[in-house]
Each structure stands twice: as C-alpha cells, then as structure tokens.
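Work through the exercises below with the structure open. Each task is followed by a solution in steps.

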Amino acid sequence: GDKPDTVTVGYFLEWPTANQIAQVEKTYDKVMGVNMEWRAFDSGTAMSAAMASGDVDMAYSQGLVPFTVAVSQGLPITMVGIAVSYAENDNCVVSEKSGITQANAKELEGKKVAVPFGTVAHYKMLKVMSHLNVDSTNIHLLDMAPADSAAAIARGDVAMACGWGGALRRMKAYGDVLMSAEDQEKIGIRVFDVISVNNKFAKKHPELVTQFLKVTNDSNSSFLQNPEKYQPVIAKASGLNLDDSNQVLALFDFPLKDAQLSSDWMGGTVQSYTKEVADFFVLHKQIPKALPDYSASIDSSFYQKVD
Amino acid sequence: MSDLVVNDVSMVFDTPNGEQVQALHDVSFSLKQGELLSILGPSGCGKSTLLNIIAGFLAPTKGTVALASTELHGPGSDRGMVFQQGALFEWLTVAENISFGPQMKGMPKEKIDETVDHLLQTVGLQDFGDKPIYELSGGMQQRVALARCLANDPDVILMDEPLGALDALTREKMQSLVLKLWKETGKTIILITHSVEEALFLGEKLFVMAPRPGRIKKQYSLPFADAGLTQNPRDIKASPEFISTREEVLSMIWEMEEEIMGLATGTGG
Amino acid sequence: MSDLVVNDVSMVFDTPNGEQVQALHDVSFSLKQGELLSILGPSGCGKSTLLNIIAGFLAPTKGTVALASTELHGPGSDRGMVFQQGALFEWLTVAENISFGPQMKGMPKEKIDETVDHLLQTVGLQDFGDKPIYELSGGMQQRVALARCLANDPDVILMDEPLGALDALTREKMQSLVLKLWKETGKTIILITHSVEEALFLGEKLFVMAPRPGRIKKQYSLPFADAGLTQNPRDIKASPEFISTREEVLSMIWEMEEEIMGLATGTGG
Amino acid sequence: MTLIQTLKHKIGFGTDGLTKRKTVTFGDTTAVSDGRMWSFLSVFVLSIAWYLGSALELVNPIFWPAPSAVWDQFTAISQDGYRNFSLWEHIWASLYRIFVGFALGCLIGIPLGFAMGLSELMRGWFDPIVEFFRPIPPLAFIPLVIIWSGIGERSKILLLFFAALWIMVIAARAGVGSVKLSKIHAAYSLGATKRQILMHVILPNSLPEIFTGMRVAMGICWGTVVAAELVAAESGVGFMIMAASKFLATDIVVLGVIIVGLIGYAIDILMRKLEAKLIPWKGRA
Amino acid sequence: MTLIQTLKHKIGFGTDGLTKRKTVTFGDTTAVSDGRMWSFLSVFVLSIAWYLGSALELVNPIFWPAPSAVWDQFTAISQDGYRNFSLWEHIWASLYRIFVGFALGCLIGIPLGFAMGLSELMRGWFDPIVEFFRPIPPLAFIPLVIIWSGIGERSKILLLFFAALWIMVIAARAGVGSVKLSKIHAAYSLGATKRQILMHVILPNSLPEIFTGMRVAMGICWGTVVAAELVAAESGVGFMIMAASKFLATDIVVLGVIIVGLIGYAIDILMRKLEAKLIPWKGRA
Ligand SMILES: Nc1ncnc2c1ncn2[C@@H]1O[C@H](COP(=O)(O)OP(=O)(O)OP(=O)(O)O)[C@@H](O)[C@H]1O
Ligand SMILES: Nc1ncnc2c1ncn2[C@@H]1O[C@H](COP(=O)(O)OP(=O)(O)OP(=O)(O)O)[C@@H](O)[C@H]1O
Ligand SMILES: [Mg+2]
Ligand SMILES: [Mg+2]
C-alpha cells in the first residue's frame, strides 16, 4: 500500500536498549524512508490500548504479560520479535523493616504489596507466591506504577513492592529482593519484552516491519561487538546517567536473528510459555479466558526475511 | 377603516384531569378605529385570554376576530403589545429596542433612525437613546415599551396591565402619556388594568368582566378620558361623578372577588 | 401608664466618602398608652429610621426615647414589631411562630398553649395552628405576624408597612382587623404606611414627615379610626371629609416627591 | 374518558389544554413538555442499536462490549466478587469514603462558615485561606496527601474532606448571609438571646443553602472518590474500573461506569427527596 | 479628613455610618464587613509560621518544604524547565487541553441544549442520555477513553469535552427556559420570524445562564485536566505534580499546587470580568 509519512513506535523511558543507537542515529528513518515518532509509555498495557486505538503502530519492548493479556482479550496485535531478555531487572523488593525473607514469606499475608497490575512483575510475583505457598488472595494487592511503589516502600506504606528499571533500583535502597532471578528461572519464570505490531499495520506494510527488525538486529549486533563505544549514546537516549545505564545494560540480553528463530525463542518456547502465562492468569482470575493456542499471534516470518 | 370585530368568541381549556374550564363564553364586541377600551375584572375572568386571542397567540374554540374585515389567525405587526414589564430586551439599548420591529422587517437604516428619533421625542426620552434598558426606572421602561410598539405603526395596541408595577406618582404621569399618545396617533387601544381608577380615567369604553364563565358583565361609556386631555387629572378624579362611578364598579368587583374567594377557601384574607 | 416619649431625637449617618446624612432632625413627640399613630412620608424621609430607634435597633446621635419613664437602650420585648412580610419563621408552624416569644422566655407549656389558642381565635386562624407558614396567603401570614407580636404582650406595637404587600381587598380586611385588635388590647401602635387612605383610616394621630432633614412636617388628629370601629369602612372612605383630607395630604406628599425626583434625575417617570 | 386522558398525559402523549390552543409555539418554552414518548423511543432505539451492533460484530468488544457481556459480568461479579471483594464491598468502600470525608467536611465547614458569616474577625482571618484553597482541585492534592498520610483509607478520606470542606464553608456563609434582617430584629423584639437567635433563627434559616451545598459537595465527592481510587486502592468502584482496564476487560469497565452513573444519580435523587422532606419551605419563603 | 476616612474604609478599619449606630450586630450580616485588616494579619502570621517552621526545622521538608525551597524550584524550573518542558510549556499544555475540550463542549453542548429547550422531540430524545451521563464523573471514563483513543492529547481533550458537555447542555437548556413568554410574544407582534426570534431574542436572553454554565464548566475542566494528567502525560501542571511526587520532591509538588491554585483563581476572575463586560444586564433585568 501507500507508504505512511510517519510510523509511531511506543517505548519505555529509563529503559536502556541497544536499538537506541539506531534511534539516535536516525537509521530507522533512513532505512524505512519514513519519519519515526517515538512515544514514551509507562506500561505495556497502555501500549496495547494505544495500538488498539490506532495511535501507535508498533511497540518496542512491550512486556510479555501485557502482550498476552491483550491477545487473550482479542486485541489485534502480533508478536514479531523479542526485544530484550532480562530477569534481574524486574523483581520484587521486601521492605527491610518487615523482616520478611523466603523462609517466612507467609507473613506477607494480610500485608500490603504494591505491584503494577497486568505486567510481568505481576505475573512473577503471583508465581513466586504460589511457589512459596503464600495465598496471594490474602495479600492486600495495590495496583501501583513502579515509581509510585518506590515512594510507597520508602515511606513504609507497603511490605513489598514490585517493579523494574530505575524504580527497582530505588526500591532496593529500602530492602532486598525476595527471590533472585536465578532462582526464579529455576521455577520456570522467564522475563522478556517483545516487539509487537498492530495487525492492520503489519498487513499493510510488511516491508516496513521487516526493515524495522533489520535495523534493530543490526543495532543489537553493533552493540554486542563494541559496547563501550555505544554505552554513552544509549545512556543519553534512555534519560539515565552512564553508571545507572550500564548497570541495567549488564543485566540485559538482546538475542540476535538466529537465536530468535531458534527453538529457544520463537521457534516454539515462546509460544508454549505464552500459553502458560495466560493459563496462570486465568487460574488467578486475572483474565476471564485464555486462547487455546497463541502461535497465531506470534509471527516469526518477518524476522525470517531479515537479511 | 380598521375596525376590530370580536364575534362570538368562546374559549374552553381542557385541564389535564379531563375537566373543562370555560375561560370565555360568547364574547362579542366591536371597536371603531381610534377607540380606547379598558377592561376590568377579578383575577381569572379571562381578560388575558381575550387579549391573547385578539393578539393571535391563542386560537378561540369558537368565534372569530377580524381587523379591517380580515379574519385574524396568528400574531402580526398590525397589533402591537405592551406588557407589564420585563418584555423589553435588556441586551439592547433604548434606541435598539425601539427599532427592533423595523429592523426585523429590514427597513432602511435612515428611515429607522428617523422613526426612533421621533418616537424618543414623543415619549420624552430624547436623551436616553444610548442608555441600556436596565439603567432606566420602571416608568421610563414602560415609555420605551410604548415607543417600541408604536415604531411598527400598528392599527391596534393591546396592553395587559402596562402600569401595574409602577408607583402611584409615576403611574399617574404615565396615564397622561397614554392619553396623549392615543390622541396624537389615533390608534385603537385595549387596556387591561386592575385599578378601577385607571380604568375609569383612561377608558372611553369600559368592560367589566365576570368569571365562570368569562364574559362581559357590564359595559360603560365614559366621559373622563376625553376630559383628561384638557383638564387636570386630579380634579377629574376628585369629581363627584367619578367617585360615584368608582364606588359602583368597585363594589361590583369586590362582590365577585368575595364570591370567588368564598368558593376557594373557607377563611378570606 | 406606659407612655412613649420621643425627645429631641436626631440621627446623622456618616457616608463612606466622609459626608453626613441627616436622616432625622430634632424629632419630638409623645404617645399616651393606647394611642394609634400612623406615619406617612415620601421615600427616604426617615420613617424606618425613627421606628428602628424606638425599637432599639439604632442608637440616635442625639436625644432619647423613653417608655413608661424608663429610657430605652436596645431592643426589648416591651416593644413588638410587625414587618412587611418575610419576617415569619418558615421552618415553624403557625402555632410555633406565635409561641416563639413565650418559648424563648421559657414560659410554661400550658400557659403557652393557652395564649396561642386565644390568639389564633383573635386573628381568625383557629383552624390553621398546625399549618406551615408558607401554605398561608399573604393576608393570613400578616395575621400570624400580628398574633406573634401580641403573644409577648408588649406595651407598644411598631409596624413598618405591615400591609404593603397585600392586594386591595385583603388589605381592607386587615385594616379592620388592626382596628379591632387596637380596640380590644388597648396597645399603643405606631404604623408606617405609604397609602394615604390607610393612614387616614387607621390613624388616630397622623404625622406627615418630610426629608432632608427628616422631620415631622405636619400633624393631624383624625376621627376616622374611631368611626371605623362601628361604621362601614367603605362609607367612611367615601365621605367628603375623608376625601378632602386625602386630597390635601396627597398633594403635600406628591409635592415632596416631585421635589426629590427633580433633585435626583432630570426626567421624572 | 377521563382515565384515558390522564393516562395519555402521563405517558407524554397528551398536551395540556392551553398548549393545544396556541398558534405559535416556537420559542414558547412553557409549551415544550417532557416528550416522554420520545424518551422511550430513544432508549429503545439505542438499546436495539447496542444489541445489533454487537450481535453483528460491527464493533470490537474491546472498544465497546456486548450488552450480554456486561450483564454476564454483572451476575458473575455480584456472585463471586472482583479481586477478593464482592461487588457490594466495592460499592460500600467507595460510599464509606464519601460519607466519612463528606461528614468531616460538614462538621468543620459548617461551623467555620457560620463563624465567617457572623464575625468580622473570623471572616477576615479565614477569607484568604478559603480563597486560596478553593480553586485548587482536590485531586491536585493527591501526591501531597500520599506523602502526608500514605496510600491507605486515611488519605482518600482526607482528599474527600478537602473536596467537601470549601463548598460547605461557602454554603454555610451564604446561608448566614441570607438571613433577612427583619427576622433577626423580630426575634430580638420577641426577647430572644444571641444564643437563641443562633440556634432558632440563623441555623434553621440557613438550612436551604447548607443543603444545596451538601448536594453539590456530594456530587464533587463522588467524582473525587472514583478518581482517588484510580491511584492506589484495593477496593472501590473506581479501583474496579481501573484494575479491569489493565486487563483490557472493557465489559467490566463499562459495568463499573454504569454503576458509578447509577449510584451518582441515586445519591442525587436521595438528597433531593431528603431536602423536600426536611426543608419543605425551600423556595417558598 | 475625607481622604483619611476613605482610606481607613478601604483597608477595612472604618465601618459605615449605619453600622456605627447599631445597638445589636450579632446576626446582622449586613454589619459584618470584609475585615481586611484581619486578612492581612492572617496572611502575615501564616507566612511567618511557615518561615519559622522550616527555619527551625520543626517539619521534615519531605512533608512540607521551606518557602525558600519552593521559591528556588520556581526560579530553577522557570529557567531550565522540568522533564524536557519549560514551566510555561507545562502550563500551556494544561491550558491548551482545557480550552480545546471546553470549546468543543460549548460547540456541541449549547446547540444541543437549545434544541432540547425548544423542541419536544429533541428534549424527549436526549433527556435519558443526558440524565444517564451527567452524574458520571468524567474521570471514570479515563480507562475507556484510553482504549478508544490512546493516551495522547486526543483522549485528554475527550475527557475535558465530556466534563464540559453536560454542564453546557443543561445551562443552555435552562437559558432557553428562562426566556419570558412576554418577550417572545412581543417579538412576534413586532413582526419577527422564528429565525429572528432564535437569533435576536432567545440567544441573547440565554447568555447569562450560558455564561454561568461556562464558569462552572471551566472550574470542572480545570479540576479534570489536572487529574487526567495524573494518569498518562508527558507535560502539563498535573503531570509535573505527579512526576515530582514519585521522587518525593515535595517542593515541586507544593509549587505545582500553588500554580494550580493561582491559575484556577485567575481563570475565575477572568471569566467574571468577561461576564461583567459582555452581559452587563445580568441580574438587573
Ligand atoms: N393553561 C391553562 N389550562 C387551563 N385553564 C387555564 C389555563 N390558563 C388559564 N386558564 C383559565 O382561564 C381562565 C382565565 O385566565 P386569564 O389568565 O385570562 O385570567 P385574567 O383575567 O387575565 O386573570 P388575571 O387578572 O389574574 O391576570 C382562568 O380561570 C384560568 O383558570
Ligand atoms: N446605611 C446608611 N448609610 C447612610 N445613610 C443611610 C443609610 N440607611 C439609610 N440612610 C439614609 O437615611 C434616610 C432615611 O432612610 P429610611 O430608611 O429611614 O427612610 P424611609 O422613610 O423608611 O424610606 P422608605 O419609605 O423608602 O422605607 C435616607 O435618606 C437614607 O439615605
Ligand atoms: Mg391576566
Ligand atoms: Mg422604610
């Protein structure tokens, strides 16, 4: 179809990613031949809503959970790639004062916990609780954005707060993580963000989607080859100082084309894991129903065309 | 000539609960061009209803109204109206109020200005053309209402208690103005009032109306209006003839009102 | 006896821009117990100011007011007030309004009930004790106001245009009630009115006041109030004597009013 | 005949006797009746459109849910609750916050307004404070209130208190100002003391204004509580709406909005009825 | 003498001539003047208390900042901006949203209100719709509006449009209803057509009600925009307050609240001035 003048992409502030090299150098604009408009969001749910309303064409690093929720609820979006894999950068922090550890996690029942609803953090927290035999329906769950949660745990209003990025680092000043990412991976928790596309847009401009993935992939490999060179660029683009940015980047993994298409990711694991997440949320009555199968909403064909 | 003929007019209202109110019953009369009729009667006897039918705002259930041999249906600028107060347009100046009718009809600007100037003169407001309405006293406002109505040069002027809200002194002055305008313009005028004194003093003819059903109970032909053009109003009103007519009409009306009140509640007052 | 003596009372108001208004100038008079005084005068001549001074709401700048040889400072239940309307308590019933004064003083309940019953009878509202105020007509409300004032058994009753908002018929009835109460209770009454007819008909004494400075311009002693206790009010008001006094007072007041208006604006009306 | 006519009038078909005889009706607002017939038609047509629109899948249910979905959610939630709280607990949580905040606002606001209406010192002292805080939307205080008293019930109630306070102060002050001097004078002449005048004249006389203020304050509180619950809550109708939106459950969102609308409407009706009952003289003085 | 007296009166020391002569003043609200003297004292005492409270470190600045801190933030933000936008851009962002939403609300609401006031069909048709939506606080729509039109300007403006719409519909309808029948009849008798009556009588006559509605709507819009920006925005005064609160920057929060208060007050003053200018006859008809 006719090429649009601008393509709008949602992303996160305080979320340093390798593709910001291309964002800063305007490689996307050059390769795709359009104006790229980058819109900052503070949750993946808002990205879903924005794609549904047609305001946003693509989302870079939408959390898996908001993506799963959106698809389960029938929103016309498709996952076309993996943005970033991380585990340690999304976690729950228990307040020092509460004195709670994994051993006495049961004491969280009856206490207040701040968590952004409908996010990876929400999923992880519920999963960890069920692993630790804590009845999450007895916890006073508060729906709060990570930055608010950081303020709340600082004031001592909540026993535990969950979030990611800069807010997670602020939380850690007032307590410790309940369960390390390493341990979480052992109980089958994976944490990653996806690249999702509005179906209408993907159908109309498949070549743009492929070009977007190509530029992203190139950026990722440039960063892998020469991290020192690009660290300052990324720090500036994400709005963090260099130290903070590097700390976060150290916990991030940006899989390249071959890995993405392998069975570890879109070759099968992602499909089954998405189903697992959806079923878990249904079990916890967060969403009314899950799809029988999520492979129709996960399309690796665009990545396959990347050369 | 533009005679006004009211022929066998009746008005029956259906009330919501299915009953019927006979607001007017077979009212007939005619007025020659230039006659001044005043109408008196207790509250609810159909005075306003009659005036609204003549003005064309209500269609009678029976009978017809004709002006200059043409039957009337709906309002028209051949019949001007003057209300008790609050019918002027506050958002316009005195001059703009007066020129409202001509403006709506698209009269050329020069002619409008001429008419307005002349009318301001006539009602004694030559210096007030640019004033907003709400800065005028009640009496001055009624002068504007008269001028606004005259600007359209209607054949008949209908007034529903035009002086009802004025204080005694102003009211007396306005009565003289009405007489003066009547004389100068030769309009047919119908004037409703609750003041017996005013009805006697202004009316060449006087109808006393009675309620249930609304009808003309008694008609008078009176000499005071003509006399008022030349003599001192205070003298006329203190004359024995005036006082005796006043007493007669007054008792007639109070009898009717007592009857109505007796019907409405046990205790009067 | 509880005579009311107003001695050399003056009232000067400072206006915000530093000028002074002489609202009353050396007003002196005395009333014996049981006299009925009516006061007439153009707007702004100090009638309400005088009444407020007697009631004790304003302190005169000069002079004194004494009741039963005691100098007055501030309001008291020895002087009852009746206002033009809107001074009743809407949140109370008729009986509760009447019993307000006794209640406030802590009179025993039985005695209150007795007083209220008697007063309801006196003003002709025996069946209306439990009615809320706002369901009563204007005339009935003024009956309640009279009864409320009488419940405290004051020596003097001060009335500021008590019948000013009533229609002609009701007003006439209320005038007779005032006369009746005056006769029955023997109270001293001061009544302000704008109606010359009412002032003449009700006042045993009549003061016509004049403005700038506010003063008593002329005093009359009148026979009509006494006559009104026995004769038909309509006959009294139509008597030549009544009419000639009325014309005299009327011209006096209108002269004053024209003067004031002439001072205020160029054009009258 | 009479019965039929009354009936016709009730459902909005009949016009009254006067209107029927009018020759000009444009601009005559007394001739514009309720038109209840058209209301029925309107509701009917809109319902059908809603039903058909979703039955024929013309709209994505994410944008606007099917009536059946909203109804199903209603039955489901009223039976099983939503997020650990039953529907009634959610509603009650919102109502409770309103009532407490509103009551506190009245408790402080009315005496303060009275004092400001009666004393020059109080009026002068508090005027700048009231004038400064009045134009600030209570929601702008959310962050401050969270800093002051956390994210619990207390801070929500504090917000609602702020929302009601200034309205009640101003209403009470206006109420005092509306007392006719002649009433006060009459009471003094009847021998009342200052205290009696306050209790038996000024207070009852200002009830209509105070009640009007209460109605406005209730409306504002209802709007504020829903918004306050958007931030950090675990129950309440506003929370329900917001939480559902995180999972794109538009049917619950719409259900919540309908509940909010109905309760807001019910509160207003209740206040009006109460007003008619308690202050029957209002507007008839 | 005259000058001194006028001056004394202006600053609130003098009382008028009548009040001076009154023997009873309790309950007499006409005798309660502004008491500006006390206002000055009140502002003075509160300022001193604020200054001392923070100078002596009686309050933790997290809970309430020092006046100097607020002032420093003001100078800093007005020079360097906050979060990529200058102070004026934040203010402008909020004002812009209000003006557009409010203007749209008027543009749709006023004609709709007129139609409902003039025609039985329109009145009947839209009555249930208006009655249903009116009691719903606009903020309850936030989640729906985000789903419908994203988190951009459009959805904030839509919210403000909702906030203004019903108020304007009702105000315009009341305006039409307030036209005295005698004015309409007079106009017909002067030969005006229906169209002329609409434009030259009904429209100007309903301006006072419409303006009152506009003032209320502006107030509500101002409250709504601040709250709407609490949710998802990147500029605006409400955003500024919310963003600062996440970092416990109480000085910026207080600065923001003060700015919100001042602008709200300024808008109201402006509307009143405009009203006095455009509708001088209001309340004097
Ligand atoms: N809308 C209506 N429906 C039914 N009856 C009505 C209606 N309007 C007026 N009437 C009846 O018509 C009769 C005449 O009313 P109208 O207003 O003409 O009296 P009026 O003489 O002008 O009274 P007033 O002196 O109070 O102005 C009254 O008895 C009244 O009950
Ligand atoms: N607050 C005031 N300050 C200054 N002058 C006042 C004040 N109140 C009244 N006056 C003056 O006192 C004079 C008398 O007023 P008052 O109210 O007693 O007149 P009145 O005879 O009762 O008039 P009306 O017939 O209109 O009731 C008036 O000239 C008025 O200008
Ligand atoms: Mg009439
Ligand atoms: Mg007076």
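A residue is called buried under 20% relative accessible area, exposed over 50%, and partly exposed in between. The model used here is predicted.

**Exercise 1. Classify D:Leu41 as buried, partly exposed or exposed, and find the surface patch that includes D:Leu41.**

Solution.
- Step 1: Locate the residue. D:Leu41 sits in helix H3 of chain D, which covers residues 36–55.
- Step 2: Apply the cut-offs. The relative accessibility of D:Leu41 is 38%, so D:Leu41 counts as partly exposed.
- Step 3: Look at the patch. D:Leu41 helps to make a nonpolar surface patch of about 960 Å². The other members are D:Phe44, D:Val45, D:Ile48, D:Tyr51, D:Leu52, D:Leu56, D:Leu58, D:Val59 and D:Trp64.
- Step 4: Compare with the record. An unreviewed UniProt entry lists residues 40–64 of chain D as a "transmembrane region", among other spans.

**Exercise 2. Describe two further spans that UniProt lists as "transmembrane region" in chain D, residues 95–119 and 157–176.**

Solution.
- Step 1: Take residues 95–119 of chain D. This span is 96% helix and 0% strand, and its end C-alpha atoms lie 35 Å apart.
- Step 2: Take residues 157–176 of chain D. Here the span is 100% helix and 0% strand, with 28 Å between the end C-alpha atoms.

**Exercise 3. Which of the eight pairs of chains in contact shares the most contacts? Describe that pair, then the pair of chains C and B.**

Solution.
- Step 1: Pick the pair. Chains D and E share the most contacts.
- Step 2: Describe the contact of chains D and E. On each side 80 residues take part. About 6400 Å² is buried between chain D and chain E, 74% of it on carbon and sulfur atoms. The number of salt bridges between these two chains is zero.
- Step 3: Turn to chains C and B. Each contributes 25 residues to the contact. The two chains bury about 2100 Å² between them, with 58% of it on carbon and sulfur atoms.
- Step 4: Count the salt bridges between chain C and chain B. There are six. C:Lys173 and B:Glu258 form a salt bridge through their side chains, at 3.5 Å from N to O.
- Step 5: Check two pairs that do not touch. The nearest C-alpha atoms of chains A and B are 47 Å apart, and those of chains A and C are 49 Å apart.

**Exercise 4. Decide whether D:Asp268 and E:Gly105 are buried or exposed, and list what each one touches.**

Solution.
- Step 1: Place D:Asp268. It belongs to helix H12 of chain D, residues 250–278.
- Step 2: Classify D:Asp268. Its relative accessible area is 17%, so D:Asp268 is buried.
- Step 3: List its contacts. Leaving out residues up to four places away in sequence, D:Asp268 touches D:Arg215 and E:Arg134.
- Step 4: Place and classify E:Gly105. Helix H5 of chain E, residues 87–118, holds E:Gly105. Its relative accessible area is 0%, so E:Gly105 is buried.
- Step 5: List the contacts of E:Gly105. Apart from neighbours within four places in sequence, they are E:Ile110, E:Phe161, E:Ala164, E:Leu165 and E:Met168.

**Exercise 5. Describe the "domain: ABC transporter" that UniProt lists in chain B.**

Solution.
- Step 1: Find the limits. The unreviewed entry gives residues 4–236 of chain B.
- Step 2: Read off the content. Residues 4–236 of chain B are 35% helix and 27% strand, and the end C-alpha atoms are 29 Å apart.

Key
Residues numbered from 1 in each chain as written. Chains lettered and ligands numbered in written order. Predicted model: local features only at pLDDT ≥ 70, side-chain atom pairs only at ≥ 80, totals over all residues. Heavy atoms only, no water. Patch = residues over 30% accessible without salt bridge, like charges linked within 9 Å, V, L, I, M, F, W, Y side chains within 5 Å. Areas by Shrake-Rupley, 256 points an atom, 1.4 Å probe, with all protein chains shown as cover. Salt bridge = Lys/Arg side-chain N within 4 Å of Asp/Glu carboxyl O. Helix = DSSP H or I, 4+ residues; strand = E, 2+ residues; numbered from the N terminus. Buried < 20%, exposed > 50% of the residue type's maximum accessible area, 1.4 Å probe, protein only. UniProt positions renumbered as here; feature names shortened; annotations may be inferred. Contact = heavy atoms within 4.5 Å. Buried area = accessible area lost by both parts, 1.4 Å probe.
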